[in-house]
Amino acid sequence: AQLMLKANDLEVELGTTPTFTASYNGFVNSETTAVLGGTLSYACDYPGATEVGLYEITPSGMTASNYEIVYSPGTLTVTAKTATPTITLDPTAFEYTGEACVPTVTVMDGSTPIPSNEYTVSYSNNINAAASTAENAPTVTITDNPGGAYTVNGTKTFTITQATNAFLTQPTIEGWSTTETPKEPTGGTVKLGTIVYKYSTSAS
């Protein structure tokens, strides 16, 4: 009698070690696999945690005195791994400059770096000062690029602090008497904007 032995189709995420199984069709007289000898083994060219795709599963190794065993391959489908990424930013805080702040982004799956071609990086609220915990916090968004080895999405916030003392060089200010025309301060530069001087009087 002819006994059909087929490797079962299987689907796993990238990086998962597949466990192969087989189905039998053709036993007679209520016989089971107990009448078979040998050791069932499988050959598959799945390279492990490297590439998604379809791979053939080829069974072999069984023997039988009353059956002609006909082997049939199955298909291993390896899908993209859905990652819960760890997103690291460098630096995590900027000082306000009026320009867009763009930290360097690293995305990890556990201890494994996720290649940058697996996702697209975008930035929002990354100009004005705001804390990482604010509603309008500066944010990095990771969006999955379909067709890769990973399905990866996530966000990470960072901080933009207010600009510190804006003077790069201090102005020179000379005094004058009450009968003189106020003297205009000279010199002085700032990181942002312009210097505005305000005159006021005080009792003496």
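## Close-up views of the predicted model

**Ser30 has its place in the loop between strand S3 (22-25) and strand S4 (37-44).** Strands here are DSSP runs of E with at least two residues, and helices are runs of H or I with at least four, both numbered from the N terminus. Ser30 is not a glycine, yet its phi is positive, at about 60°. Because its relative accessible area is 75%, Ser30 counts as exposed, where exposed means over 50%, buried means under 20% and partly exposed lies in between, for a 1.4 Å probe and protein chains only. The model is a predicted one, in which local features need pLDDT of at least 70 and side-chain atom pairs count only at pLDDT 80 or more, whereas totals for chains, interfaces and linings use all residues. Residues are numbered from 1 along each chain as its sequence is written, and side-chain values use heavy atoms, with hydrogens and water left out.

**Strand S1 (residues 2-7) has one covered and one uncovered face.** Leu3, Leu5 and Ala7 make up the covered face, while Gln2, Met4 and Lys6 make up the uncovered one. In a regular strand, side chains alternate between the two faces of the sheet. S1 runs parallel to strand S6 (residues 68-72), to which 5 bridges join it, two strands being paired if DSSP finds at least two bridges between them. Within that parallel pairing, Lys6 of the uncovered face stands opposite Ser72 in S6. S1 is also joined to S3 by 4 bridges, and these two strands run antiparallel. There, Leu5 of the covered face stands opposite Tyr24 in S3.

**Strands S9, S11 and S12 form an open sheet of 3 strands, in the order S9-S11-S12 and with antiparallel pairing.** Strand S9 (86-90) and strand S12 (112-113) are at the edges with a single partner strand each, so one side of each has no neighbour in the sheet. Strand S11 (residues 104-109) is paired with S12 over 2 bridges in the antiparallel sense, and Asp109 has Thr112, in S12, as its bridge partner.

**The peptide bond from Asp90 to Pro91 is cis.** Its omega is near -5°, and Pro91 has its place in the loop between S9 and strand S10 (93-95). As background to this bond and to the phi values in these views, most peptide bonds are trans, and most residues other than glycine have a negative phi.

**Asn125 and Asn126 share a loop setting between S13 and S14.** Asn125 has a positive phi of about 55° although it is not a glycine, and this residue is partly exposed because its relative accessible area is 43%. Asn126, in the loop between strand S13 (119-124) and strand S14 (139-144), counts as buried because its relative accessibility is 11%. Leaving aside neighbours within four places in sequence, Asn126 is in contact (heavy atoms within 4.5 Å) with Glu99, Ala100, Cys101, Val102, Pro138, Phe158 and Ile160. S13 and S14 run antiparallel and are joined by 6 bridges, among them the one that gives Tyr123 its bridge partner Val140 in S14.

**Gly154 is found in strand S16 (residues 154-157).** S16 is joined to S14 by 4 bridges in an antiparallel arrangement, and the bridge partner of Ile142 in S16 is Gly154. Although Gly154 and Ile142 are 12 residues apart along the chain, their C-alpha atoms are separated by 5.0 Å. Beyond its neighbours within four places in sequence, Gly154 is in contact with Ile87, Val140, Thr141 and Ile142.

**The whole chain, as a setting for the close-ups, has 0 helices and 19 strands.** Its radius of gyration is 35 Å, well over the 17 Å that the globule rule gives for 204 residues, so the chain is more spread out than a compact globule; the radius is taken over C-alpha atoms, and the rule is 2.2 Å times the number of residues to the power 0.38. The C-alpha trace spans about 125 × 25 × 20 Å along its principal axes, and 25% of the 204 residues count as buried. Among contacts with a separation of 6 or more, 51% are between residues 24 or more positions apart.
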